[in-house]
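I opened the model with a short list of things to look up. My notes follow in the order I took them.

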Amino acid sequence: EDAEPSILVHPSYKVSKINDNIYGGFTEHMGRCIYGGIYDPGNPLSDENGFRKDVIDAFKELNCPVVRYPGGNFVATYHWLDGVGPRDQRPKRPELAWLGLETNEFGTDEFLKWCEVVGTEPYLCLNFGTGTLDEALGWLEYCNSRQNTYYANLRRKNGREEPYNVKYWALGNEMWGPWQVGQMTKEDYAKQAYQWAKAMKLLDPTITLILCGQDGTSSWDSYVTKECIKWDVHGLSGSTTKSLIDMHSIHIYTAAKEHLPNATAPRSAERAIQITSSLIDLARIENKVPHTVPRQTICFDEWNVWDPVRAPGELGAEEKYSLSDALAVAVWLNVFVRQSAHVGMANIAQSVNVISPLMTTPTGLLKQTTWWPLLLFSKYMRGDQIAVNVGCGEYEGPTQPSWIRGTVETPWLDVSACVGEDGGVRIAVANIHHEKDFRTRIGGLEGGKVEVYTVTGNNPLVVNDDVERVGIVEKTIEWDLSNQYYVFPKHSFTLLKWKK
Ligand code: AHR
């Protein structure tokens with residue numbers, strides 16, 4: 001632990017292109033995420049559509065590439081037709097995931113319009129609980145069809161001539177969960193998912209279909225990938241072959257009461273990604289899917305720091321995030337960058353008010369501690385992931401979950417690196433140590449100006465409430481090749497950006 005840490009960067013060794021979609025979001029009809037979050041009609045902070053302008057600005061600043069909707073668990077009893085057409089005729093329904101009432105005031109057209117205003121791609125999740133294949137096909141037709149057909153015409157009647165071209169569609173959400181309306185066995189799920197995939201791709205072959213996984217390491221994941229990731233003989237002639245399933249989704253939330261293991265817990269997700277990637281490879285081998293098919297087939301469509309027990313609010317959903325949680329989020333994002341060869345999309349759960357870095361108040365928008373690493377990653381950690389070696393001591397205390405110990409590393413300095421479009425190197429470093437600054441030798445880089453962004457606070461437990469205690473501190477330094485050291489302060493996140 002006492003040896004001087006070192007980071008060796010290899011700018012010319014490109015590991016993989018980072019998919020921008022790893023900085024995706026998620027908005028569910030849950031708590032105050034939609035109502036009072038992105039949609040707040042009557043509030044002076046909202047526009048003529050009832051969309052909160054401060055929230056839109058934050059999504060734009062984040063350059064959020066894709067947003068998942070409408071759930072989550074909510075979608076298991078959601079009928080999209082309830083949420084289109086004249087507002088005063090939309091039915092109110094009991095909502096069974098969070099035991100509330102759904103007014104359907106906000107639905108498909110509102111969400112897709114909001115995505116256009118924000119400049120983000122929508123990602124819709126299908127109802128595998130009480131929904132039918134007919135409804136799913138109707139929804140796809142409503143969103144994407146140019147034909148003179150019933151649901152495409154219904155869209156036109158509701159004021160939208162052009163199709164929305166929704167590219168991403170998920171085949172249900174957490175259907176393995178005991179809390180889920182319509183919980184399924186893996187056998188039943190795989191069968192239904194495959195049938196629905198076939199029909200969806202017949203109607204619109206251009207969409208990307210996402211299979212419902214668990215945490216990537218379960219027998220559910222192993223079974224459904226094996227059953228569904230296969231070459232499909234398609235079309236009347238039987239001559240067209242392709243894979244109907246494009247991606248496999250997984251969900252993990254991490255949290256612990258103590259700063260450590262809280263900040264090391266996301267490392268377990270790195271292991272999960274490696275295992276999921278192997279399961280997908282195995283399915284391809286077993287089902288003779290050629291190796292030329294795309295990589296980046298993991299869709300990590302729910303991730304975050306969340307402990308429903310510690311979180312206040314009716315649903316255990318309004319987490320107050322500490323600096324420790326912000327460092328955990330930085331480690332999460334380092335995981336996605338390091339695993340960029342496998343991860344094609346990741347969605348922080350969630351984007352507003354519900355376990356979120358952004359919290360609306362009646363008069364403004366609070367940026368929680370976790371907002372800052374998310375913003376820095378999304379702004380700067382794009383382009384090509386590059387190889388980086390890190391030598392430093394490890395945290396050796398209890399881990400969360402306990403099986404991490406021995407299967408993944410838990411270094412004090414958690415690092416990822418990339419080359420941006422401008423050719424400049426960026427290094428993201430979380431120093432999770434609660435009491436030690438680390439003077440670190442950084443090798444492999446050119447001299448010149450380096451922009452430095454630091455996120456830290458007085459101690460790992462500080463939160464942003466009335467006072468913003470955690471934000472970004474910026475400075476520019478000269479990288480001097482005769483003294484290639486940087487001191488990473490205790491409990492901090494630092495992004496170093498070489499200027500080109
Ligand atoms: O993001 C909150 C909930 O967590 C989602 O609705 C569900 O999919 C998961 O269990």
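I began at the ligand in this predicted model. One of its oxygen atoms lies 2.6 Å from a polar side-chain atom of E174. I looked up N173 as well and found a polar side-chain atom 3.1 Å from an oxygen atom of the ligand. For E302, I noted 2.6 Å between an N or O atom of the side chain and a ligand oxygen atom. I then checked how much of the ligand is covered: the protein takes up 95% of the 290 Å² of accessible area that the ligand has on its own.

Which residues come nearest to the ligand? There are 13 residues around the ligand, and I wrote down E28, N73, E174, Y253 and E302 as the nearest.

Next I turned to the sheet. I recorded an open sheet of 8 strands with parallel pairing, in the order 2-3-6-7-8-11-12-13. Strand 2 (25-26) and strand 13 (343-348) are the edge strands, and each has a pairing partner on one side only. I followed the pairing of strand 12 (residues 298-305) with strand 13, which is parallel and runs over 4 bridges. In that pairing I found W303 opposite I348 of strand 13.

I also looked at helices on the sheet. Helix 2 (residues 108-118) packs there, touching strand 3 (66-69) and strand 6 (121-125), and its direction makes about 150° with that of strand 6. Helix 5 (residues 186-203) packs on the sheet too, touching strand 7 (168-170) and strand 8 (208-212), with about 170° between its direction and that of strand 8.

How do helix 1 and helix 10 cross, and at roughly what angle? The axes of helix 1 (residues 53-62) and helix 10 (residues 371-380) come within 8 Å and cross at roughly 50°. I therefore entered helix 1 as oblique to helix 10. On the helix 1 side the contact is made by A58, E61 and L62, and on the helix 10 side by W371, L374, L375, S378 and K379.

Last, I went through the backbone. I found a cis peptide bond between G71 and G72, with omega of about 10°. G72 sits in the loop between strand 3 and strand 4 (93-95). The peptide bond from Q400 to P401 is cis, with omega near -10°, and P401 is in the loop between strand 16 (383-391) and strand 17 (413-419). K288 is not a glycine, yet I noted a positive phi of about 55° for this residue. I placed K288 in the loop between helix 8 (267-286) and strand 12.

Notes: Residues numbered from 1 in each chain as written. Predicted model: local features only at pLDDT ≥ 70, side-chain atom pairs only at ≥ 80, totals over all residues. Heavy atoms only, no water. Pairing = 2+ DSSP bridges. Helix = DSSP H or I, 4+ residues; strand = E, 2+ residues; numbered from the N terminus. Contact = heavy atoms within 4.5 Å. Axes fitted to C-alpha atoms, helices over the stretch in contact; angles between N-to-C directions. Near = heavy atom within 4 Å. Polar contact = N/O pair within 3.5 Å; in protein donor to acceptor, adjacent residues only side chain to side chain. Areas by Shrake-Rupley, 256 points an atom, 1.4 Å probe, with all protein chains shown as cover. Parallel < 35°, antiparallel > 145°, perpendicular 65-115°, else oblique.
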